[in-house]
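Here are a few notes to help you find your way around this one. Keep the structure open beside you as you read.

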Amino acid sequence: MNYTGLDDNPFYELSKTQFGPLPGAVFTIDLESKEAAWAFIDNLQIIRRATNLFDRKSLAIHPASTIFGLFTAEQCAEMSVPNTTVRLSIGLEVGEDLLEDIKQSLRKTV
């Protein structure tokens with residue numbers, strides 16, 4: 001998992017400087033393959049597939065296929081955007097429900 005609110009994240013100090021104690025509601029997870037990343041997104045039941053982020057609803061996106069879809073694999077690698085990454089933007093749903101949605105999707109995917 002990649003989240004700037006974690007003290008072992010390389011951007012933790014920058015995040016604290018820019019956002020204070022509230023680093024935001026976006027994080028990424030990496031799965032074993034592009035197919036697993038898409039399966040994870042497809043298995044989500046509460047978190048919705050999106051082509052954008054930052055809504056009141058929780059959203060999931062596959063950045064390499066969407067936001068960075070016009071870049072080559074080499075360019076994506078240079079920008080640290082592997083095709084195994086899923087980006088999650090957390091909305092206003094109940095936290096426990098979202099966590100269970102992520103867990104059930106991972107159980108089905110992995």
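1. Let's begin with helix 4, keeping in mind that this is a predicted model. Helix 4 covers residues 95-109, which makes 15 residues. From its first C-alpha to its last it reaches 21 Å, close to the 21 Å expected at 1.5 Å a residue.

2. Which residues of helix 4 are buried? They are Leu98, Asp101, Ile102, Gln104, Ser105 and Thr109. Look down the axis of helix 4 and these buried residues fall within an arc of 165°, so they line one face of the helix. A bit of background helps here: an α-helix has 3.6 residues a turn, so residues three or four places apart point the same way.

3. Now turn to the other face of helix 4. Pointing away from the buried side, you'll find the exposed residues Glu96 and Arg107.

4. What do the buried residues of helix 4 pack against? Their partners are strand 1, helix 2 (34-43) and strand 4.

5. That brings us to the sheet. It is an open sheet of four strands in the order 1-4-3-2, with mixed pairing. Strand 1 and strand 2 (48-49) are the edge strands, each pairing on one side only. Helix 2 packs on this sheet and touches strand 1, strand 2, strand 3 and strand 4. The direction of helix 2 makes about 30° with that of strand 4.

6. Strand 4 (residues 85-89) deserves a look of its own. Is it mostly covered or mostly open? Mostly covered: four of its five residues are buried.

7. Here is how strand 4 is held by its neighbours in the sheet. Strand 1 (residues 26-30) runs antiparallel to strand 4, and five bridges join the two; among the partners, Ile29 goes with Val86. Strand 3 (residues 59-61) also pairs with strand 4 in the antiparallel sense, over three bridges. There, Ile61 has Arg87 as its bridge partner, while Leu59 stands opposite Ser89.

8. Last, the aromatic rings. The count comes to one aromatic pair. The rings of Phe68 and Phe71 have their centres 5.9 Å apart and their planes at 45°, so the pair counts as tilted. Buried or exposed, where does Phe68 stand? Phe68 is buried, because its relative accessible area of 16% is under the 20% cut-off. Phe71, at 38%, is partly exposed.

Terms used:
Residues numbered from 1 in each chain as written. Predicted model: local features only at pLDDT ≥ 70, side-chain atom pairs only at ≥ 80, totals over all residues. Heavy atoms only, no water. Buried < 20%, exposed > 50% of the residue type's maximum accessible area, 1.4 Å probe, protein only. Pairing = 2+ DSSP bridges. Expected span 1.5 Å × (residues − 1). Arc of directions from axis to C-beta. Contact = heavy atoms within 4.5 Å. Axes fitted to C-alpha atoms, helices over the stretch in contact; angles between N-to-C directions. Phe/Tyr/Trp six-rings, centres within 6.5 Å; stacked < 30°, edge-to-face > 60°.
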